[in-house]
Amino acid sequence: MKSCEIYDNFLEPDLLDYCHKYFRNDTHFKFQKSDKVDSNFFLMGLPPHDCLIDFIFFKIKIVSQRKLELLRFYTNLQFSNMDTDIHTDDGKVTCLFMIAGQGDFQLNNEKIPFKENRLILFDAGTPHKGHPPDTGYRITLAYKTNEIFN
């Protein structure tokens, strides 16, 4: 896999509007710490059989033309005072969907600007972090996956 794959305008406008409402207003976030780093930010685990989550993952596989196996997923809610540390993920491929807000994404030494409706696929072993927004918040949806080669 090259350093990353970026897909802008990933979802149709109406579905993105629905995601804004769903993840901003209808999702309950709980405060947690990552197992791998000491910094704080909000995480929220989603129900495993949620149709929206399943559809987004289905679309990720179509757009990327990859056979991916889902290990787990969650949303991040990050505010301006919540800096994180560089870390790596479990699995083989991380799929990060930028839903709302601002705050660059760092992959190794490369900064990728936050853009709503942007999907980024990258090797899960690559060091990365989400930079906090200057103001407001940032919401992302992360899928941890393995790739199937057969």
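Are Glu-5 and Arg-66 buried or exposed? In this predicted model, both Glu-5 and Arg-66 are buried, and their side chains meet in a salt bridge with an N to O distance of 2.5 Å. The protein chain that holds this pair has 150 residues, of which 49% count as buried, and its secondary structure comes to two helices and ten strands. The points below take up the overall fold, the cores, the strand pairing, the salt bridges and some loop residues.

**Overall fold**

- Read from the N terminus, the elements of the protein chain follow the order β-α-β-β-α-β-β-β-β-β-β-β.
- Where contacts join residues at least 6 apart in sequence, 77% of them are between residues at least 24 apart.
- The protein chain has an accessible surface of about 7,800 Å², and carbon and sulfur atoms account for 50% of that area.

**Nonpolar cores**

- The largest nonpolar core has 25 residues, and within this core Phe-23, Ile-56, Ile-60, Phe-97 and Tyr-143 are the ones that touch the most other members.
- Two or more residues of this core come from each of the helices α1 (13–25) and α2 (51–64), and likewise from each of the strands β4 (68–79), β5 (93–101), β8 (118–123) and β10 (137–147).
- Separate from this core there is a second one of eleven residues, with Cys-4, Met-98, Ile-112 and Phe-122 among them.

**Strand β5 and its partners**

- Strand β5 is mostly covered, in that eight of its nine residues are buried.
- With β8, strand β5 pairs in the antiparallel sense over six bridges, and here Val-93 stands opposite Asp-123 in β8.
- With β10, strand β5 also pairs in the antiparallel sense, over eight bridges, and the bridge partner of Thr-94 in β10 is Lys-144.

**Salt bridges**

- The count of salt bridges in the model comes to eight.
- In the pair of Glu-5 and Arg-66 (2.5 Å, N to O), Glu-5 belongs to strand β1 and Arg-66 to the loop between α2 and β4, so the salt bridge ties together parts that are 61 residues apart in sequence.
- Arg-66 also meets the side chain of Glu-147 in a salt bridge of 2.5 Å, N to O, and this pair links distant parts of the chain, since Glu-147 lies in strand β10, 81 residues apart from Arg-66 in the loop between α2 and β4.
- Glu-5, Arg-66 and Glu-147 are thereby linked in a network of salt bridges, and Arg-66 counts as buried because its relative accessible area, 13%, is under 20%.
- A further salt bridge joins the side chains of Asp-83 and Lys-129 (3.0 Å, N to O); Asp-83 lies in the loop between β4 and β5 and Lys-129 in strand β9 (residues 128–130), so parts 46 residues apart in sequence are tied together.
- The two partners differ in exposure: Asp-83 is partly exposed, with a relative accessible area of 43%, whereas Lys-129 is buried at 10% relative accessibility.

**Loop residues**

- Ile-86 is found in the loop between β4 and β5 and is partly exposed, with a relative accessible area of 43%.
- Although Ile-86 and Gly-130 are 44 residues apart in sequence, their C-alpha atoms are 8.4 Å apart in space.
- Asn-9, in the loop between β1 (4–7) and α1, has a phi near 55 degrees, a positive value in a residue other than glycine, and is exposed, with a relative accessible area of 58%.
- Asn-108, in the loop between β6 (105–107) and β7 (110–112), likewise has a positive phi, near 55 degrees, and counts as partly exposed at 41% relative accessibility.

How values were computed: Residues are numbered from 1 along each chain as its sequence is written. This is a predicted model: local features need pLDDT of at least 70, side-chain atom pairs count only at pLDDT 80 or more; totals for chains, interfaces and linings use all residues. Side-chain values use heavy atoms; hydrogens and water are left out. Helices (H or I, at least four residues) and strands (E, at least two) are DSSP runs, numbered from the N terminus. Buried means under 20% relative accessible area, exposed over 50%, partly exposed in between (1.4 Å probe, protein chains only). Contact means heavy atoms within 4.5 Å. Accessible areas come from the Shrake-Rupley method with a 1.4 Å probe; for residues, only the protein chains shown count as cover. A nonpolar core is a set of buried Ala, Val, Leu, Ile, Met, Phe, Trp, Tyr and Cys residues joined through side-chain atoms within 4.5 Å. Two strands pair if DSSP finds at least two bridges between them. A salt bridge is a side-chain nitrogen of Lys or Arg within 4 Å of a carboxyl oxygen of Asp or Glu.
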